[in-house]
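This report introduces a structure to a reader who has not met it before. Please keep the sequence and the model in view while reading.

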Amino acid sequence: RKNPLKAAFRQQQPIINGWLAIPSGYSAEIAGHQGYDCVTVDLQHGMIDFASALSMLQAISATPATPLARVGSNEPAQIMRLLDAGAWGIICPMISTPEQAKQFVAACRYPPLGNRSFGPARALLYGGKDYPQYANEEILTLAMIETREGLEHLDAILDTDGLDGVFIGPNDLSLTLTGQASAESQNPEMLDAIERVLTRCHAHQKLAGIFCTSGEAAASRLAQGFHFVTPANDVMQLGRAAREAIAAAQGK
Ligand code: 3PY
Ligand code: MG
């Protein structure tokens, strides 16, 4: 099985990505069966350690969704371990310079393209015996743009060989630009920054992704030209569904 997300991007089909912060193989399995194109296990802000991530990736790989991981930082050992554990793409936070982007991509690519160490483990089971031959082309690499420095170096980051695209972290980006974290900020500087990332991605023919807090927000990002959206995470969805059910039960 090759990475369907790469094909979806090539064919300009929108990619809807689930986002998991709750450390549970069971909730990962539920998410994977809901119709997402891919589901990301978040090891940065989620409450998830490697053992939970492994069972979540196993659960997602038994569903139609493609498993991805967001790593805690640009740390080659963790990136390589999650790829071995069966992630088909890595979202790396806080990429602010082309050097950081290069280091990130190198960890996802076997030599001669990068320095990923060989030991594909679950990737071999889930991806088939020929995984080592195609992994360099099929593993998705998304660099998070969420700092002022990342915006300044956007073109150089997008020029990184082997980088598939970027994923905007609107909370951190808003924090750095406006002093306040906000995922759906209407601050003009944020709107400009997001539009600029989108335009530059299109110019470099790279995937443009963004974290959103609702399906409605994700729909407007897709209409704006984004290729890859996350319509809130499991925690937000669980809380929202509970509040709505309680309000409905109360006749509100
Ligand atoms: C951000 O908004 O900063 C993110 O990292 C999204 O999870
Ligand atoms: Mg962030």
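## Strands and the barrel

Leu20 has Val41 of β2 as its bridge partner, and this pair offers a starting point in what is a predicted model. Strand β1, which covers residues 15–20, and strand β2, which covers residues 38–42, run parallel and are joined by 4 bridges.

These strands belong to a closed barrel of 8 strands, in which the order is β1-β2-β3-β4-β5-β6-β7-β8 and the pairing is parallel. On average, and with direction ignored, neighbouring strands of this sheet are turned by 25° against each other. Across β1, β2 and β3 (66–70) lies helix α3, made of residues 50–60, and this helix runs at about 175° to β2.

## The enclosed strand β5

How many of the residues of β5 are buried? The count is 6 of the 6, so the strand is largely enclosed by the rest of the structure. Leu140, Leu142 and Met144 point one way from β5, while Thr141, Ala143 and Ile145 point the other way, and all of them are buried.

With β4, strand β5 pairs in the parallel sense over 4 bridges, and within that pairing Gly89 has Leu140 of β5 as its bridge partner. With strand β6, which spans residues 165–168, β5 likewise pairs in the parallel sense over 4 bridges. Here Met144 stands opposite Phe167 of β6, and Ala143 stands opposite Val166 of β6.

## Strand β6 and its link to β7

Strand β6 is covered on both faces, with Gly165 and Phe167 on one side and Val166 and Ile168 on the other, and these residues are all buried. Strands β6 and β7 run parallel and are joined by 4 bridges. Phe167, which stands opposite Met144 of β5, also stands opposite Gly209 in β7.

## Helix α5 and its buried face

In helix α5, which takes in residues 98–107, the residues Ala101, Phe104, Val105 and Ala107 are buried. Seen down the axis of α5, these buried residues fall within an arc of 160°, so they line one face of the helix. A general property of helices is useful background here: an α-helix has 3.6 residues a turn, so residues three or four places apart point the same way.

Against which elements do the buried residues of α5 pack? They pack against α4 (76–84), β4 (89–92), β5 (140–145) and α9 (154–158), and the last of these elements is examined next through one of its residues.

## Leu154 in helix α9

Leu154 has its place in helix α9. Is this residue, Leu154, buried or exposed? A residue counts as buried if 20 or more other C-beta atoms lie within 10 Å of its own, and Leu154 is buried because it has 20 other C-beta atoms within 10 Å.

When neighbours within four places in sequence are left aside, Leu154 is in contact with Ile145, Val197 and Arg200; of these, Ile145 is one of the buried residues of β5. Leu154 and Val166 lie 12 residues apart along the chain, and their C-alpha atoms are separated by 9.4 Å.

## An exposed glycine in a loop

Gly35 has its place in the loop between α2 (25–32) and β2. Since a residue counts as exposed if 12 or fewer other C-beta atoms lie within 10 Å of its own, Gly35 is exposed because it has 11 other C-beta atoms within 10 Å. Gly35 and Ala65 are 30 residues apart in sequence, and from C-alpha to C-alpha they are 7.3 Å apart in space.

## Helix α10 and ligand 1

The buried residues of helix α10 are Pro170, Leu173 and Ser174. Seen down the axis of α10, they fall within an arc of 95°, so they line one face of the helix. Among the elements that cover these buried residues are β5, β6, α11 (188–204) and β7 (207–212). Helix α10 is followed by Gly179, whose phi is positive, near 85°.

Which residues surround ligand 1? They are Glu146, Gly169, Pro170, Asn171, Asp172, Ala183 and Phe211, and by class this shell has 3 nonpolar, 2 polar and 2 charged residues. Helix α10, which comprises residues 170–178, gives the most to the shell around ligand 1, with 3 residues. Pro170 is thus found both in this shell and among the buried residues of α10.

Terms used. Residues numbered from 1 in each chain as written. Chains lettered and ligands numbered in written order. Predicted model: local features only at pLDDT ≥ 70, side-chain atom pairs only at ≥ 80, totals over all residues. Near = placed C-beta within 6 Å. Helix = DSSP H or I, 4+ residues; strand = E, 2+ residues; numbered from the N terminus. Nonpolar A, V, L, I, M, F, W, Y, C, P; charged D, E, K, R; others polar. Arc of directions from axis to C-beta. Contact = placed C-beta atoms within 7 Å. Pairing = 2+ DSSP bridges. Axes fitted to C-alpha atoms, helices over the stretch in contact; angles between N-to-C directions.
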